[in-house]
Amino acid sequence: MAVEFFPPDCGGFDFRALDALREGYAPLRLHTVSHACLSTPTSALKIQFGAPATDTSAAGESSVALAVVRRGVCNAIVWWFDLHLDEVETLSVAPGSVVRTWKQNVHYLTKPLTVERGDVIDAAILNHQDDNLHISRAVIRE
């Protein structure tokens, strides 16, 4: 999900220039920071845990299109997971969920994107089968 994080009030100082120094991603509880959702959630990656161990279908790069629903400056992409235990039970760590063990994850963009309603952000997601998802690029679709 594309989001715009708003800097906290720090006695009148503007620390947004330091955002460019952030690398990778960090866990957070989305409800604890001032933000605006610029797109709706969309499925980015599906992993079949019941598949044979040699299955590498989740490895590599995939692309996700984030449909922008409001104007803003996209300075981060947030993701989480929903674990479908069976046809009925799902463990979700989405914003607002009752699960408090895991947090949502945020990938800060080094180059924020000024977006308008109706734009589409194409984000490339890398899974090297380590313990992280990586966003290699996020651009506004031409």
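How many helices and how many strands are there in the protein? That was my opening look-up, and I kept in mind that this is a predicted model. The count came out as zero helices and 10 strands. Going along the sequence, I wrote down β-β-β-β-β-β-β-β-β-β as the pattern.

**Entry: the sheet**

Next I checked how strands line up side by side. I found an open sheet made of five strands, and its order is β2-β8-β5-β1-β3. The pairing in this sheet is antiparallel. Which strands stand at the edges? They are β2, residues 25-28, and β3, residues 35-37. Each of these has a single partner strand, so one side of β2 and one side of β3 lack a neighbour in the sheet. I also looked up the twist: on average, neighbouring strands here are turned by 40° against each other, ignoring direction.

**Entry: one pair up close**

I picked β1 and β5 for a closer look. β1 covers residues 2-5 and β5 covers residues 72-79. Two bridges join them, in the antiparallel sense. Which residue of β5 is the bridge partner of V3? I noted A76.

**Entry: the whole chain**

Then I zoomed out. The protein has 142 residues, and 31% of them count as buried. Its exposed area is about 9,400 Å², with 54% of that supplied by carbon and sulfur atoms.

Last, I looked at contacts between residues at least 6 apart in sequence. Of these, 75% join residues at least 24 apart. The V3 and A76 bridge between β1 and β5 is the pairing I'd look for in the picture.

Notes. Residues numbered from 1 in each chain as written. Predicted model: local features only at pLDDT ≥ 70, side-chain atom pairs only at ≥ 80, totals over all residues. Heavy atoms only, no water. Pairing = 2+ DSSP bridges. Helix = DSSP H or I, 4+ residues; strand = E, 2+ residues; numbered from the N terminus. Axes fitted to C-alpha atoms, helices over the stretch in contact; angles between N-to-C directions. Buried < 20%, exposed > 50% of the residue type's maximum accessible area, 1.4 Å probe, protein only. Contact = heavy atoms within 4.5 Å. Areas by Shrake-Rupley, 256 points an atom, 1.4 Å probe, with all protein chains shown as cover.
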